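Q: Please take a close look at one loop in this protein, then walk me outward from there to the other parts worth inspecting. I would like one connected account.

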Amino acid sequence: VPTDNAPAIVVGSGYGGAVAALRLGQAGIRTLVLEMGGLWNTAGADGRVFCSTTAPDQRSMWFRSRTEAPLATFLWLDVVNRAISPYPGVLDRVHHDHMSVYVGRGVGGGSLVNGGMAVTPPRSYFTEQFPGVDADDMYGTYFPRARAMLGVNSVDPAWFESTEWYRFTRTSRKAAAKAGLRTTFVPNVYDFGYMQREAAGTATRSALAGEVIYGNNHGKRSLDKTYLAAALGTGNVTIHTLEKVIAVSRAGDGSYVLTADRIDGTGAVVERKQYGCTYLFLAGGSLGTTELLVRARDTGTLPDLPPAVGAGWGTNGNTMLGRANHVWDTVGADQATMPVMGIDDWANPDNPVFAEIAPLPMGFEHWISLYLAITRNPERASFSYDSSSGAVRLGWTADQSAVSVAMAKKLFDRVNAANATIYRYDLFGSTGKVFADDFTYHPLGGCVLGRATDGYGRVKGYAKLYVTDGSLVPGSIGVNPFVTITALAERTMARVLAEDTAP
Ligand code: FDA
């Protein structure tokens with residue numbers, strides 16, 4: 001017997017979950033959000049909610065005894081990561097055989113840990129990836145709606161040109177220009193007015209204090225300050241934290257039954273709960289949602305889920321790399337953590353790449369230009385259920401990562417040739433690896449729109465079951481994904497509230 005019932009339940013509080021919660025709450029539908037991570041609103045003994053990247057503590061990562069930062073080493077030395085005590089920290093790195101996936105854990109999901117880059121994809125590529133979605137609706141209504149709600153803004157170009165905090169970006173821009181490559185400003189949800197006050201010394205530093213992947217204490221408009229605050233403001237939305245949904249099934253009357261484990265600060269399960277709902281919105285992110293549905297199908301709790309559940313997963317072509325600049329091309333000891341520019345070679349038919357110019361704030365001059373390349377890697381993988389262990393495994397292979405690496409290399413070989421520079425060999429472990437080919441920030445797919453669902457995120461085979469997160473995106477979107485995920489969720493909610501929930 002379910003211990004708690006709500007007309008609507010939303011699993012996960014990232015972008016897809018936050019949009020669902022707000023729109024359900026505004027429609028007057030009582031909604032419960034279940035989030036496995038914590039609520040990040042209480043300062044620790046140091047007076048701060050989040051810890052810094054330079055002195056990470058237990059708050060940094062999800063139940064680890066050592067941090068696992070994307071850059072493993074500097075000068076091949078194991079100086080980046082730190083011993084920590086296991087705790088429900090804000091950043092997780094989920095390991096599969098040949099790919100690990102960084103995700104945010106907490107009320108706000110990825111918005112708590114990400115770089116804030118709020119990029120709308122080129123319309124032509126969006127249409128290619130989503131042939132069944134009306135692009136006029138997206139570009140006329142849902143992308144603008146998402147950007148307005150997320151608080152997207154842009155760096156003041158004059159300040160950008162003059163501030164020490166973006167010297168690293170200008171140096172990368174110069175190197176790209178020498179290779180004949182176009183760079184473009186990218187918007188962000190970090191409040192650039194706040195950042196300028198940080199630089200002026202009139203506001204507490206956050207982006208200018210190295211804060212990003214373990215959370216920002218100031219300045220960033222994460223979802224807890226935008227969509228989720230508005231959702232709670234409707235009076236119809238409740239959020240339960242540290243509750244992980246582990247199983248989904250359906251009762252005889254067609255309602256959904258969820259099993260959730262409530263954990264404490266040590267990770268121990270302190271309570272197993274059951275919930276019931278009429279409308280179920282899955283928004284645990286590409287990994288979280290896909291895992292729940294693959295398990296439900298293959299253990300027989302939702303046996304009519306289609307074969308497309310678990311398929312069509314990709315990394316958005318992510319590859320990270322560093323270049324070594326000449327001594328006279330400094331990147332500065334002071335670096336803002338919010339990226340504001342990318343090398344845009346996406347329209348190059350031979351080798352489409354969009355590479356964001358990433359910060360590497362180490363507090364001293366290191367002459368490194370760091371990039372997160374988004375390549376048009378066509379490789380896709382599937383998830384499968386392993387009945388002996390009960391685990392859901394991702395079938396991504398090393399060869400599939402090699403495709404992203406080759407594309408990034410083709411672009412940056414050009415940049416190096418034009419500048420007579422070389423790659424850095426010391427950043428991704430002791431083996432002298434140049435390209436980080438084993439992690440992604442942009443997990444996409446697993447329940448692709450129009451394949452595992454109808455054209456609006458309604459899961460095939462089951463009424464009143466929806467997906468609203470990054471699982472819907474077919475493995476690649478060509479830019480940083482959260483604006484697309486948010487806009488698609490807005491489109492789904494508009495349709496579902498108009499058609500499915502009428503009394
Ligand atoms: P998201 O992952 O945001 O939310 C899912 C939530 O569900 C999480 O809070 C999770 O804890 C919870 N959950 C999962 N399973 C659950 C379960 N079974 N029960 C209960 N809760 C569960 N993108 C971008 O556009 N610009 C950028 O600059 C960056 N930068 C960046 C940096 C880093 C370090 C990372 C890790 C990621 C980015 N991204 C990014 C990616 C972006 O953050 C990502 O695409 C979105 O957060 C995905 O949104 P979703 O709604 O799909 O899930």
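**Around a loop, and beyond**

A: Ala420 sits in the loop that runs between helix H9 (398-419) and E17. Please keep in mind that the model is predicted. The backbone is worth a look here: phi of Ala420 is near 50°, a positive value in a residue other than glycine. Is Ala420 buried or exposed? With a relative accessible area of 60%, Ala420 is exposed, because anything over 50% falls in that class.

On the other side of strand E17 (422-423), Tyr425 is found in the loop leading to strand E18 (435-436). Its relative accessible area is 39%, so Tyr425 counts as partly exposed. That value also passes the cut-off of over 30% for joining a surface patch. Tyr425 indeed belongs to a nonpolar patch on the surface, together with Leu75, Trp76, Leu77, Val79 and Ile422. Between them these residues have about 600 Å² of accessible area.

Turning to salt bridges, you will find Asp437 paired with Lys433, their closest N and O atoms being 2.8 Å apart. Asp437 is partly exposed, at a relative accessible area of 26%, and Lys433 is partly exposed at 26% as well. Arg262 and Glu271 make another such pair, with 3.0 Å between the closest N and O atoms. Here Arg262 has a relative accessible area of 30% and Glu271 has 31%, so both fall in the partly exposed class.

Asp500 and Arg458 offer a contrast: their side chains meet in a salt bridge of 2.8 Å, N to O, and both residues are buried. This pair ties together distant parts of the chain, 42 residues apart, with Asp500 in the segment after H10 and Arg458 in the loop between strand E20 (444-446) and strand E21 (465-467). Salt bridges with shared partners then gather Asp454, Arg458, Arg495, Glu499 and Asp500 into one network. Thr501 also lies in the segment after H10, and at 17% relative accessible area Thr501 is buried. A polar atom of the Thr501 side chain is 3.2 Å from the backbone oxygen of Leu497.

Helix H10 (482-499) brings us to the ligand, since H10 is among the elements that each supply at least two residues of the shell around the ligand. Helix H1 (15-26), strand E4 (100-104), strand E7 (243-250) and helix H8 (285-298) do likewise, and the largest share, three residues, comes from E7. In total 36 residues surround the ligand, the closest being Glu35, Gly110, Met117, Gly470 and Phe482. By type, the shell holds 14 nonpolar, 17 polar and five charged residues.

Several backbone contacts are easy to pick out. A backbone N or O atom of Tyr15 is 3.0 Å from an oxygen atom of the ligand, and a polar backbone atom of Gly116 is 3.2 Å from a ligand oxygen. For Met36, a polar backbone atom is 3.1 Å from a nitrogen atom of the ligand. Taken alone, the ligand exposes 990 Å², of which the protein buries 95%.

To return to backbone angles, Trp367 can be set beside Ala420: phi of Trp367 is near 60°, again a positive value in a residue other than glycine. Trp367 is in the loop between strand E13 (353-358) and strand E14 (368-375), where its relative accessibility of 29% makes it partly exposed.

How values were computed: Residues are numbered from 1 along each chain as its sequence is written. This is a predicted model: local features need pLDDT of at least 70, side-chain atom pairs count only at pLDDT 80 or more; totals for chains, interfaces and linings use all residues. Side-chain values use heavy atoms; hydrogens and water are left out. Patches are made of residues with over 30% relative accessible area and no salt bridge: like charges are joined within 9 Å, nonpolar side chains (Val, Leu, Ile, Met, Phe, Trp, Tyr) within 5 Å. Accessible areas come from the Shrake-Rupley method with a 1.4 Å probe; for residues, only the protein chains shown count as cover. A salt bridge is a side-chain nitrogen of Lys or Arg within 4 Å of a carboxyl oxygen of Asp or Glu. Helices (H or I, at least four residues) and strands (E, at least two) are DSSP runs, numbered from the N terminus. Buried means under 20% relative accessible area, exposed over 50%, partly exposed in between (1.4 Å probe, protein chains only). A residue is near a molecule or strand if one of its heavy atoms lies within 4 Å of it. A polar contact is a pair of N or O atoms within 3.5 Å; within protein, one must be able to donate a hydrogen and the other to accept it, and residues adjacent in sequence count only if both atoms are side-chain atoms. Ala, Val, Leu, Ile, Met, Phe, Trp, Tyr, Cys and Pro count as nonpolar, Asp, Glu, Lys and Arg as charged, and the others, Gly among them, as polar.
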